[in-house]
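Thanks for coming, everyone. I would like to spend a few minutes on the empty spaces in this model and on the sheet, so please have the view open while I talk.

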Amino acid sequence: MKLGIVGLPNVGKSTLFNAITKAGAESANYPFCTIDPNVGIVAVPDERLNKLAEMYHPEKVTHAAIEFVDIAGLVKGASRGEGLGNKFLANIREVDAIVHVVRCFEDPNIVHVEGSVNPKRDVETINLELIFADLETIEKRIDKTTRSLKTPDPKLRAQFQAEMDVYERIKAALENEQPVRALSFSDEERSIVRQAFLLTDKPVIYAANVNESDLANGGKDNVYVRQLEEIVHKEKAEMILISARIEEEIAQLDEADRLEYLKELGVTESGLDRLIKKSYKLLGLISFLTAGKDEVRAWTITKGTKAPQAAGKIHSDIERGFIRAEIVSFDDLMACGSYNAAKEKGLVRLEGKDYVMQDGDVTLFRFNV
């Protein structure tokens with residue numbers, strides 16, 4: 001999974017990136033300090049792997065991973081190539097979802113590129129640039145489809161007309177400054193939308209960058225957070241409160257000190273943990289687990305994935321030669337204390353090609369190639 005961290009210059013996105021990836025991207029009090037997208041790989045926290053490791057004593061433990069991309073700060077006119085706009089738009093096309101960092105705190109020592117803190121304006125600045133880029137894309141699609149509608153084949157013409165109907169509806173929404181992700185589509189329409197690779201169709205998590213006191217009370221007294229919540233509701237997006245400065249401090253601590261520090265702040269988990277959970281939910285992802293003496297590992301798949309396709313995440317040969325999957329739920333395995341005990345109680349199931357994988361399935365694939 002690849003998440004792109006975006007935002008106006010100086011809203012805290014590179015500070016956040018540094019903290020959650022410990023990748024050391026340059027962070028400074030001026031625009032465009034991140035010229036090329038910095039990339040950091042982060043292990044997905046999963047306590048289940050630790051429990052399995054205690055049971056199996058493997059040679060290694062491998063967590064699922066998320067790739068974070070810190071994308072250059074955006075300014076007005078990016079869709080026309082202003083600032084680093086072309087680079088920004090190209091990089092954002094490559095990510096699965098967008099983490100849009102929005103400044104929701106006052107600090108006279110940190111310059112705001114627009115001169116003041118205003119989440120509604122800041123969000124609109126970036127959204128409008130993405131909308132302008134999508135409008136250009138959709139207009140090209142409409143032009144091409146208009147020519148295709150001249151085909152004498154009635155079956156093809158009906159197919160192109162269905163595409164045109166979707167494109168015209170998207171164009172109308174974009175012209176009304178509405179992102180594509182706020183629209184609803186049937187399964188057939190959704191397949192048409194996916195082919196257009198539109199920027200405003202990408203799932204978004206708004207990260208409200210707040211100070212320490214706002215983090216502790218959920219931002220209830222922060223007027224900027226209220227502004228952002230209205231936008232999130234309107235767009236059908238997701239939102240978390242995060243403090244880039246606190247995440248930076250947490251990143252320097254060991255596990256025990258980190259937990260103690262979070263407790264003092266009045267929160268139960270770090271912003272990174274909440275961001276990852278929200279990302280999984282937003283993208284419809286789950287993890288299945290494999291366990292043995294060689295390795296305990298988590299594998300990320302999309303909800304609804306069937307057993308053979310899940311096996312293919314490990315190796316294409318396992319999918320090609322899939323026979324069956326031996327599965328026990330993580331909770332059942334822990335309750336029984338061992339795989340053999342779970343098997344004796346009939347909790348290890350044999351599943352075939354039509355089985356839909358569930359989060360936390362501890363799985364052994366049988367195959368023959």
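What is the volume of the largest pocket? The largest pocket comes to about 850 Å³, and I should say at once that this is a predicted model, so that everything I describe is computed from predicted coordinates. The mean pLDDT of the protein chain is 88, with 90% of its residues at 70 or more. Over residues 28-35, however, the pLDDT falls below 50, although this stretch has 25 contacts in the model beyond near neighbours in sequence.

Let me stay with the pocket for a moment. Its lining is made up of 32 residues, and those that lie nearest the centre of the largest pocket are Ala43, Val44, Pro45, Asp46 and Asp273. If you follow the secondary structure around the lining, you will find that H1, E2, helix H2 (47-56), helix H9 (244-250), helix H10 (255-265), H11 and strand E8 (285-291) each supply at least two residues, and that H11 gives the most, with 5 residues. Sorted by class, the lining of the largest pocket holds 16 nonpolar, 5 polar and 11 charged residues.

Now to the sheet. It is an open sheet of 6 strands, in the order E2-E4-E1-E5-E6-E7, and the pairing is mixed. At the edges are strand E2 (38-43) and strand E7 (238-242), each of which pairs on one side only, and from one strand to the next the twist averages 25°. Strand E1, residues 2-6, pairs with strand E4, residues 65-70, in the parallel sense over 4 bridges; within that pairing, Leu3 has Phe68 of E4 as its bridge partner.

Two helices that also contribute to the pocket lining can be placed against this sheet. Helix H1, residues 13-21, packs on the sheet and touches E1, E2, E4, E5 and E7, its direction making about 155° with that of E4. Helix H11, residues 271-283, packs on the sheet as well, touching E1, E2, E4, E5, strand E6 (204-209) and E7, and the direction of H11 makes about 175° with that of E7.

Finally, what about enclosed space? A search of the whole structure finds 1 cavity of 30 Å³ or more, and about 40 Å³ of space lies in the largest cavity. Its lining consists of Val6, Ile98, His100, Ile126, Asn127, Leu130, Arg181 and Val204, which divide into 5 nonpolar, 2 polar and 1 charged. Strand E5 (97-103) and helix H4 (119-148) each supply at least two residues of that lining, and H4 gives the most, with 3 residues.

That is where I will stop, and I am happy to go back to any part of the view.

Methods
Residues are numbered from 1 along each chain as its sequence is written. This is a predicted model: local features need pLDDT of at least 70, side-chain atom pairs count only at pLDDT 80 or more; totals for chains, interfaces and linings use all residues. Side-chain values use heavy atoms; hydrogens and water are left out. On a 1 Å grid over the protein atoms alone, a cavity is a set of points where a 1.4 Å probe fits but cannot get out, and a pocket is an open set with protein on both sides within 12 Å along at least five of seven lines; lining residues have an atom within 4 Å of a point. Grid points are joined across faces, edges and corners, and a volume is the space filled by probe spheres set on the points. Ala, Val, Leu, Ile, Met, Phe, Trp, Tyr, Cys and Pro count as nonpolar, Asp, Glu, Lys and Arg as charged, and the others, Gly among them, as polar. pLDDT is the predictor's confidence in each residue, from 0 to 100. Contact means heavy atoms within 4.5 Å. Two strands pair if DSSP finds at least two bridges between them. Axes are lines fitted to C-alpha atoms, for helices over the stretch in contact, and angles run from 0 to 180 degrees between N-to-C directions.
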